[in-house]
Amino acid sequence: MTTVSGPWTLEQVHLHLDDVVIPVRLSFLDGDGHPRVLSLWFERRGPHLWCATQRTAMVARALDRDDRVGFEVAGDEGPYRGVRGRGRARIHPDAGSAVLGALMGRYLTPDDPLIPRLRAQADQEVAIEIVPERWCSGDCSGRMGPTRV
């Protein structure tokens, strides 16, 4: 069962995840048991987050050993608002290319010069499914007011 705390409902958490086009910060434990943080493109599919990475990436190897993760989807500029949580991650070796294609559509324009390079390596991608167990939202917009430039 997923628990939710903070000012937002689970529906509001999902709306935030769908609206923002920023990476998820994913924390995991490396092979030595030390915490690491990595930013990855993501999309929400139902209650889960999906990312893609190269099958040889440290994060993929680490998640094969220990599936516990922490995550945050929040911008770097005020007024600060976003979500964080913890859960489990599953590696899907056969879904990487499809997830990468969806992520390119979400984060890149159709003429972005990065697309051909990513497509050329798509067969080396694995998908990461993040299954949240706990969400915590935060929204400082009420006390910070509009952002000043």
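In the predicted model, Trp-41 counts as partly exposed, with a relative accessibility of 24%. Its ring partner Tyr-107, by contrast, is buried, with a relative accessible area of 16%. The value for Trp-41 falls between the limits of 20% for buried and 50% for exposed residues. In total, 2 aromatic pairs were counted. In the pair of Trp-41 and Tyr-107, the ring centres lie 5.1 Å apart and the planes meet at 5°, so the pair is stacked. Trp-41 belongs to the loop between β3 (35-40) and β4, and Tyr-107 to helix α3, so this pair ties together parts that are 66 residues apart in sequence.

A further aromatic pair is formed by Phe-71 and Trp-135; the arrangement is edge-to-face, with 5.0 Å from centre to centre and 70° between the planes. Phe-71 is part of strand β6 and Trp-135 is part of strand β8, so the pair ties together parts that are 64 residues apart in sequence. Both Phe-71 and Trp-135 are buried.

The nonpolar interior was examined next. Nonpolar side chains in soluble globular proteins tend to be buried together. In this model, the largest nonpolar core contains 35 residues, and those with the most contacts inside it are Leu-17, Val-24, Phe-42, Val-69, Ile-128 and Ile-130. Helix α3 (residues 96-107) supplies the largest share of this core, namely 5 residues. The surroundings of Val-24 illustrate how residues from separate parts of the sequence meet. When neighbours within four places in sequence are left aside, Val-24 is in contact with nine listed residues, among them Leu-38, Leu-40, Phe-42, Leu-49, Cys-51, Phe-71 and Val-73. Leu-17, named above among the core residues with the most contacts, also belongs to the buried set of helix α1 (residues 10-19), which consists of Val-13, His-14, His-16 and Leu-17. Viewed down the axis of α1, these buried residues fall within an arc of 160°, so they line one face of the helix. The face turned away from this buried side carries the exposed residues Glu-11 and Asp-19. The elements that cover the buried residues of α1 include β4 (43-45), β5 (48-54), β6, β7, α3 and β8.

Several of these covering strands pair with one another. β4 and β5 run antiparallel and are joined by 3 bridges, with Arg-45 standing opposite His-48 in β5. The two strands form a hairpin with 2 residues between them, and Gly-46 in the turn has a positive phi of about 60°. Strand β5 is mostly covered, as 6 of its 7 residues are buried. β5 is also joined to β8 by 6 bridges in an antiparallel arrangement; here Gln-54 has Glu-125 in β8 as its bridge partner. Strand β6 (residues 68-74) pairs with strand β7 (residues 81-92) in the antiparallel sense over 7 bridges, and Gly-70 stands opposite Arg-86 in β7. β7 in turn is joined to strand β8 (residues 125-139) by 12 bridges, again antiparallel. In that pairing, His-92 stands opposite Ala-127 in β8.

The cysteines were then considered. The count of disulfides comes to 0. The sulfur of Cys-51 lies 20 Å from the closest cysteine sulfur, that of Cys-136, which is too far for a bond, because a disulfide requires sulfur atoms within 2.5 Å. Cys-51 is buried, with a relative accessible area of 0%, whereas Cys-136 counts as partly exposed at 21% relative accessibility.

Two further helices were examined through individual residues. Leu-118 lies in helix α4 (residues 114-120) and is buried, with a relative accessible area of 19%. Residues up to four places away in sequence not being counted, Leu-118 touches Trp-41, Leu-100, Met-104 and Leu-108. The C-alpha atoms of Leu-118 and Met-104, which are 14 residues apart along the chain, are separated by 8.6 Å. Ala-60, in helix α2 (residues 58-65), is likewise buried, with a relative accessible area of 4%. Apart from its neighbours within four places in sequence, Ala-60 is in contact with Thr-53, Gln-54, Arg-55, Ile-91 and Val-126. From C-alpha to C-alpha, Ala-60 and Leu-118 are 18 Å apart in space, and 58 residues separate them in sequence.

How values were computed
Residues are numbered from 1 along each chain as its sequence is written. This is a predicted model: local features need pLDDT of at least 70, side-chain atom pairs count only at pLDDT 80 or more; totals for chains, interfaces and linings use all residues. Side-chain values use heavy atoms; hydrogens and water are left out. A nonpolar core is a set of buried Ala, Val, Leu, Ile, Met, Phe, Trp, Tyr and Cys residues joined through side-chain atoms within 4.5 Å. Buried means under 20% relative accessible area, exposed over 50%, partly exposed in between (1.4 Å probe, protein chains only). Helices (H or I, at least four residues) and strands (E, at least two) are DSSP runs, numbered from the N terminus. Contact means heavy atoms within 4.5 Å. Two strands pair if DSSP finds at least two bridges between them. The arc is that of the directions from the helix axis to the C-beta atoms. Rings of Phe, Tyr and Trp (its six-membered ring) pair if their centres lie within 6.5 Å; planes under 30 degrees apart count as stacked, over 60 as edge-to-face and the rest as tilted.
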